Amino acid sequence: QPYPEDSEVTRQTDKLVDALLKLDADVIGIMEMENTPGVEPLGRLADELNAIEGAGTWSYVDTGVVGTDVIRVGMLYDTTAVTEVGDIAILDSSVDPRFDDDRNRPSVAQTFAEDATGETFTVVVNHWKSKGCGGSSGADADQGDGAGCWNPTRTLGAEALVDWVGTYPTGVEDDDVMII
């Protein structure tokens, strides 16, 4: 086995791989991944999925480290169903200052072509600031309206994302977009 680990990691990995396969999806967005140079959690998951589905069936969008947080988002995909087209695109505060990447993890977009039809679609994976109130103040504090904390930060991030998607950031001009 190429990944040294203890029995608890093995148990959790087996459960995760089983759940991912049961999704029966061609593209899967993943959150809360380690964001360390030289560490590729999606490579590990693709290897585990391929051990069950067959070598080369699953791959991942290879973004490398994204942003400065210890965690990031990413995508796995079934290579027998879709193919990456266009460029990987990342939304962070350098692209739009409304997207505060000190609070939101950068969003990642990739366009895919469905192998059976040639139709294209873009998937954007997000992980915006939680509703937890640690460190919030002013408008970002809980306003008692049911939105929790950080609502203005998340709202600005969503507005930036909508505008960014409209620029076709992967270089593929197609309005079929899934934001997950």
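Is Tyr168 buried, partly exposed or exposed? Colleagues, with a relative accessible area of 25%, Tyr168 counts as partly exposed, because buried would require a value under 20% and exposed a value over 50%. Please bear in mind throughout that the model before you is predicted.

Let me stay with Tyr168 for a moment. This tyrosine sits in the loop that runs between α3 and β7, the latter covering residues 177-179. Setting aside neighbours within four places in sequence, Tyr168 makes contact with Glu173, Asp174 and Asp175. As a measure of span, consider Tyr168 together with Asp18: 150 residues separate the two in sequence, and their C-alpha atoms are 34 Å apart.

Tyr168 also leads us to the cavity. A search over the whole structure returns one cavity of 30 Å³ or more. The space in the largest cavity comes to about 50 Å³. Tyr168 belongs to its lining, along with Thr111, Thr122, Val124, Val165, Pro169, Thr170, Val172, Asp174 and Val177. Asp174, then, is both a contact of Tyr168 and a lining residue of the largest cavity. Sorted by class, this lining holds six nonpolar, three polar and one charged residues.

I turn next to the largest pocket. Its space amounts to about 210 Å³. Which elements each supply at least two residues of its lining? They are α1, β1 and α2, where α2 spans residues 41-53. The greatest contribution comes from α1, which provides five residues. The lining is made up of Val9, Gln12, Thr13, Lys15, Leu16, Ile30, Met33, Pro41, Arg44 and Leu45. Six of these residues are nonpolar, two are polar and two are charged.

Several of those pocket residues reappear around Arg72, to which I now move. Arg72 is part of strand β3, residues 71-78. Is this arginine buried or exposed? Arg72 counts as buried, because its relative accessibility is 2% and the limit for buried is under 20%. What, then, does its side chain meet? The side chains of Arg72 and Thr63 are joined by a polar contact of 3.1 Å. In addition, a polar atom of the Arg72 side chain lies 3.4 Å from the backbone oxygen of Glu34. Beyond four places in sequence, the contacts of Arg72 include Ile30, Met33 and Pro41, and these three residues are also listed in the lining of the largest pocket. Other contacts of Arg72 include Met31, Glu32, Asn35, Val39, Glu40, Gly64 and Val66.

Now to the aromatic residues. How many aromatic pairs does the structure hold? There are two. Tyr77, Phe112 and Phe121 are linked into a cluster by ring pairs.

Phe121 gives us a route to Glu114, since Glu114 touches Phe121 as well as Ala81, Val82 and Glu119, with residues up to four places away in sequence not counted. Glu114 belongs to strand β5, which covers residues 105-114. Its relative accessible area is 31%, and Glu114 is therefore partly exposed. The C-alpha atom of Glu114 is separated by 31 Å from that of Thr36, a residue 78 places away along the chain.

I shall close with the loops and with backbone geometry. Most residues other than glycine have a negative phi. Which phi value does Asp24 have? Asp24, which is not a glycine, has a positive phi of about 55 degrees. This aspartate occupies the loop between α1 (7-22) and β1 (27-34). At 71% relative accessibility, Asp24 counts as exposed.

Trp150 likewise has a positive phi, near 70 degrees, in a residue other than glycine. Its place is the loop between β6 (120-127) and α3 (151-165). Is Trp150 buried or exposed? Its relative accessibility is 4%, so Trp150 counts as buried.

The loop between β6 and α3 also carries Asp145. With a relative accessibility of 54%, Asp145 counts as exposed. A polar atom of the Asp145 side chain lies 3.0 Å from the backbone nitrogen of Ala147. The loop between β6 and α3 thus holds a buried residue in Trp150 and an exposed one in Asp145.

Definitions and conventions:
Residues numbered from 1 in each chain as written. Predicted model: local features only at pLDDT ≥ 70, side-chain atom pairs only at ≥ 80, totals over all residues. Heavy atoms only, no water. 1 Å grid on protein atoms, 1.4 Å probe; cavity = no way out; pocket = protein on both sides within 12 Å on 5 of 7 lines; lining within 4 Å. Points joined across faces, edges and corners; volume = space filled by probe spheres on them. Nonpolar A, V, L, I, M, F, W, Y, C, P; charged D, E, K, R; others polar. Helix = DSSP H or I, 4+ residues; strand = E, 2+ residues; numbered from the N terminus. Buried < 20%, exposed > 50% of the residue type's maximum accessible area, 1.4 Å probe, protein only. Polar contact = N/O pair within 3.5 Å; in protein donor to acceptor, adjacent residues only side chain to side chain. Contact = heavy atoms within 4.5 Å. Phe/Tyr/Trp six-rings, centres within 6.5 Å; stacked < 30°, edge-to-face > 60°.
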